Amino acid sequence: MSYIQKPKAFHPALKKNKLGLTRRDYEGAMSTLCAGCGHDSITAAIIEACFKLELPAHRLAKVSGIGCSSKAPTYFLSRSHGFNSVHGRMPSITTGANLANRDLVYLGVSGDGDTASIGLSQFCHAMRRQLNMTYIVMNNGCYGLTKGQFSATNDKASPSKKGESNLFEAIDLAQIAIQLGAGFVGRSFSGDKAQLVPLIEAAMSYNGFAFLDVVSPCVTFNNHPASTKSYDYVRGHNAVLDKLDFVPPEEEIEIDYAEGTTSDVELHGGAKIRLHKLDTGYDPTDADQAINTIRERLNAGEVTTGLLYFDGREQDLHETLGTSERPLNTLPLGELCPGSEALEPINDRFR
Amino acid sequence: MVEGRVSGMSGINDFVVKFATVNGSGSASANLMFAKTLFRMGIPVSPKNIFPSNIQGLPTWYEVRVSGKGYLARREGVDLMVAMNAQTYEEDLKQVLPGGYLFYDSTLPRPFKRDDVTVIDMPIAKMCAEHWADTRQRQLFKNMVYVGAVAALVDIDVEVLESVVASQFKGKDKLIAPNLKALHMGRDYIRDNYACPLPFKVEAADATAGKILVSGNEAAGLGAVYGGATVCAWYPITPSTSLAESYERHAKALRIQDDGKKMYGIVQAEDELAAIGIAIGAGWNGARSFTATSGPGVSLMNEFLGLAYFAEVPLVLFNVQRGGPSTGMPTRTQQSDILSCAYASHGDTRHVLLFPTDPTECFSFAAEAFDLAERLQTPVIVMSDLDIGMNDWVCDALSWDDAHVHDRGKVLSAEELDAMPDWGRYKDVDGDGITYRTLPGTHPTKGAFFTRGTSHDEYARYTEDGTVNADVMDRLLRKFETAADLLPKPEADIRDPNSRVGIIYFGANRPAVLEAMDQLNEVGVTANALRLTAFPFCEDVRAFADNHDRIYVVEQNQGGQMRQLLMVEAGIQRAKLISVLNYDGMPMTAEFVRSHIKAAESDVQLAAE
């Protein structure tokens, strides 16, 4: 992973958002991942989503663990602080960072090894606490940096490139997320930008734990014909629940759809997720239905994608703990230190 | 037991009482009231809670040394055993000094086969059964009955004892009367049936003025509040749990905004890995943060400690040490994590350690640790232990200098970033090894960097250039040298500038060492002492070593870990450093220190003759 600077020259006609920033302003260093890696498409989708959300990049912190996926934060948002921590521990670093400053947007990037194996516990507990963050797993079913071993999300029926069979059942992170109470759970495919970008926009606007499982083929080790994490397989078996648009606050929806085919999910910040239903009757606020649907389709060899689950309460960790509205890292130490006078009665209690 | 020591000869304010009870029976609060009463009478006491790793039903002891001279180390040999646990009668009887006393509940009479011990009996359970119908009350009040009995035996001022009962149950006032009733039941029975007081007894004194009776964990938790900590992440583990609980209690009392919101955030994490990860994330983002644990937790935290060292993230870690290795003795004390903390994590790492000696220093070092962590941008590990952390110590009242300005270290504001043309996160601008950091969200276009545990250059960019990585490691070493001058200075006790005998010690061993020095002085061995307060060592440590020929290093571990650190990091000759090691999990006694040094010095004298 060498650090390659991109040239800073921008075309003057590049489209700018309300902050006066172009997409280029949301980019990072040149990717050093393999050509065609799904992760690079997710990186592009993150850049697009942040551009469209008009996020001031310095008000976002990107956090990752270890692995190919966890290198990705270098490739986007170079104006944001980043923290490439240790393997499987991105959630705890993000928890601490979020406790320190509740006003920033936290984007965690992880992989299937980083999340489903070494980091499973931290992943689960961050969800349980409803940490306000977006957690993206770039899921390719294998360990790329160590030459393609199976990860815990690789389907049992999906052999390795060399034909070795996978002995164990896969862990479905999206099902776990729904069960453990993540407030926002979506699944997408790195090759489906139209679905992925609004999902990222919505996830980043959600106040609470937003989880996105993004199938992201590993072109080097897990893109062979027998793999269920390959481009071809996912394209051929993508069970899309709903097409969706992210509608920022105070923006009118431009296109009319036939009545009854769309529904809106409202976010606390005023934004909306407009769902154009393909599978009528799917209700993303029903956790049981979500899990049943995922399981049924999985049994049919399909990958369910879209907004899988949504909890409208949007209660995050700070609300639960009752912490100050002011970020803890801005509280002046003079205010935090009670001073000598307060010590007197305390000393008296110890006498 | 100490050869030749007998009880009953010591007279006023100089004896050991030991309460042998069953854990979960409510004895702890009664025992504390006993210790607190003596404290309020102006008499120095050092209670040691010797408890099992268990919730209910196993033996537990509360040993109180009473010392008018202020010797607060644990002392072997019991003058009065309050034997309230039939399971341990035999063991308890053995510990009584010749001439000493054993008090027990004679509801079920037992023979005690020692001619040199006087047995005092009282049918406590029977009397309680007659007075209280409720079984739980019968059990609880038994504790107050024996406190009352002991009060009569050693002539405790009953008014002071009553005042302690009143403050103990403040807010639960209806409990005061029945507790006083139990107290007087015990006291009256003994006064009616035995000649009181015993040959050893207490007498009001004036030796606890300006002092408090408090545990180190209580004080350290409060110190974290004073140090400005706003984020605490922890995982329950004996003996550090009460530190996080203390922080929460004091923060709740002192850190609530007018709107009821908290100016702190506490997370009981899923494990120690997450606990330290949360603390690092918060430290990285500019909040003062800490975690508290014990040896097993430190083992788990190793990978993250290396990250915080290498990525240079401020963090305070309280290690309340317990007996190891492995799960070891969870409820006994040791100082056996010195090396594992000094060099925690893989690769070349070195960590700043602070060694508080008592609860007062737990408070002040806790607060100071946050300044040091931010100044040095590195983990600071406060090395307490079970003895300091969980036992109540008579120590100086806590104090705070309102003129103190918390040191945030080198953190750049947006304006400062604008004024700095070529900022690099890891550029050593000042030559002290400490670089300038930025916090997320500070500046729209400047100061962002990628924090990483991988090898990086001055601009925090990934590099595979080994010489660049070596430069970073060398700078970290320079930073470590800078640290040596910023840490609390060691405490020297020079009793004879010409003496060539020195003692180096740290942490909880202070009372034992100071008392042993007095004892050694009486037999013609005048030793000087240096109490270490921090690692890396400052110049004073080397100077002390230069001025002494034989230096006894007193510590509570098997390997002589501090001795090793002194050899490697202060360059002190191996031959000069003689280990005095106790690692049975009990607090160090003066007798242990005295006898080891005396024997070694006698050998030296013999060799010289």
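In the predicted model, the secondary structure of chain A comprises 12 helices and 13 strands. The radius of gyration of this chain is 21 Å, which is close to the 20 Å that the globule rule gives for 351 residues, and chain A is therefore as compact as a globular protein of that length. Taken along the principal axes, the box filled by the C-alpha atoms of chain A is roughly 75 × 50 × 50 Å. Of the 351 residues in chain A, 53% are buried. When the contacts of chain A with a separation of 6 or more are considered, 72% of them are accounted for by residues that stand 24 or more positions apart in the chain.

Burial can be followed in detail in one helix of chain A. In helix α3, which spans residues 90-100 of chain A, 11 of the 11 residues are buried, so this helix is largely enclosed by the rest of the structure. The buried residues of α3(A) include A:Met90 and A:Pro91 at the start of the list, A:Gly96 and A:Asn98 further along, and A:Leu99 and A:Ala100 at its end.

Chain A also contains an open sheet of 3 strands, arranged in the order β10-β12-β11 with antiparallel pairing. The edges of this sheet are taken by β10 (242-247) and β11 (262-266) of chain A, each of which has a single partner strand, so that one side of each is left without a neighbour in the sheet. From one strand to the next, the twist averages 25°. Strand β12 (residues 272-277) of chain A pairs with β11(A) in the antiparallel sense over 5 bridges, and within this strand A:Lys272 is the bridge partner of A:Glu266. Helix α7 (residues 193-205) of chain A packs on the sheet, where it touches β10 and β12 of chain A, and the direction of this helix makes about 50° with that of β10(A). As a general point, the strands of a sheet pair through backbone hydrogen bonds, in either a parallel or an antiparallel manner.

For chain B, the domain assignment gives domain 1 (14-193), domain 2 (214-396), domain 3 (414-486) and domain 4 (491-608). The centres of domain 2 and domain 4 of chain B, taken over C-alpha atoms, are separated by 28 Å, and 20 residues of domain 2 are in contact with 20 residues of domain 4. On the side of domain 2 of chain B that touches domain 4, the elements giving two or more residues are α11 (338-342), β12 (352-354), β13 (379-385) and α13 (386-390) of chain B. The residues of this side of domain 2 divide into 10 nonpolar, 6 polar and 4 charged.

The contact between the two chains takes 57 residues from chain B and 51 residues from chain A. Among the elements that give two or more residues to the side of chain B that touches chain A are β7 (211-215), α7 (216-226), α10 (295-311) and β15 (450-452) of chain B, while the element that gives the most to this side is α9(B), with 9 residues. The residues of this side of chain B divide into 31 nonpolar, 16 polar and 10 charged. Strand pairing also links the chains, since 3 bridges join strand β2 (residues 81-84) of chain A to β15(B), and these two strands run parallel. In this pairing, A:Phe83 stands opposite B:Thr451 in β15(B).

Note on methods. Residues numbered from 1 in each chain as written. Chains lettered and ligands numbered in written order. Predicted model: local features only at pLDDT ≥ 70, side-chain atom pairs only at ≥ 80, totals over all residues. Helix = DSSP H or I, 4+ residues; strand = E, 2+ residues; numbered from the N terminus. Rg over C-alpha atoms; globule rule 2.2 N^0.38 Å. Buried ≥ 20, exposed ≤ 12 C-beta atoms within 10 Å, placed from the backbone. Contact = placed C-beta atoms within 7 Å. Domains from an automatic or database assignment. Nonpolar A, V, L, I, M, F, W, Y, C, P; charged D, E, K, R; others polar. Pairing = 2+ DSSP bridges. Axes fitted to C-alpha atoms, helices over the stretch in contact; angles between N-to-C directions.
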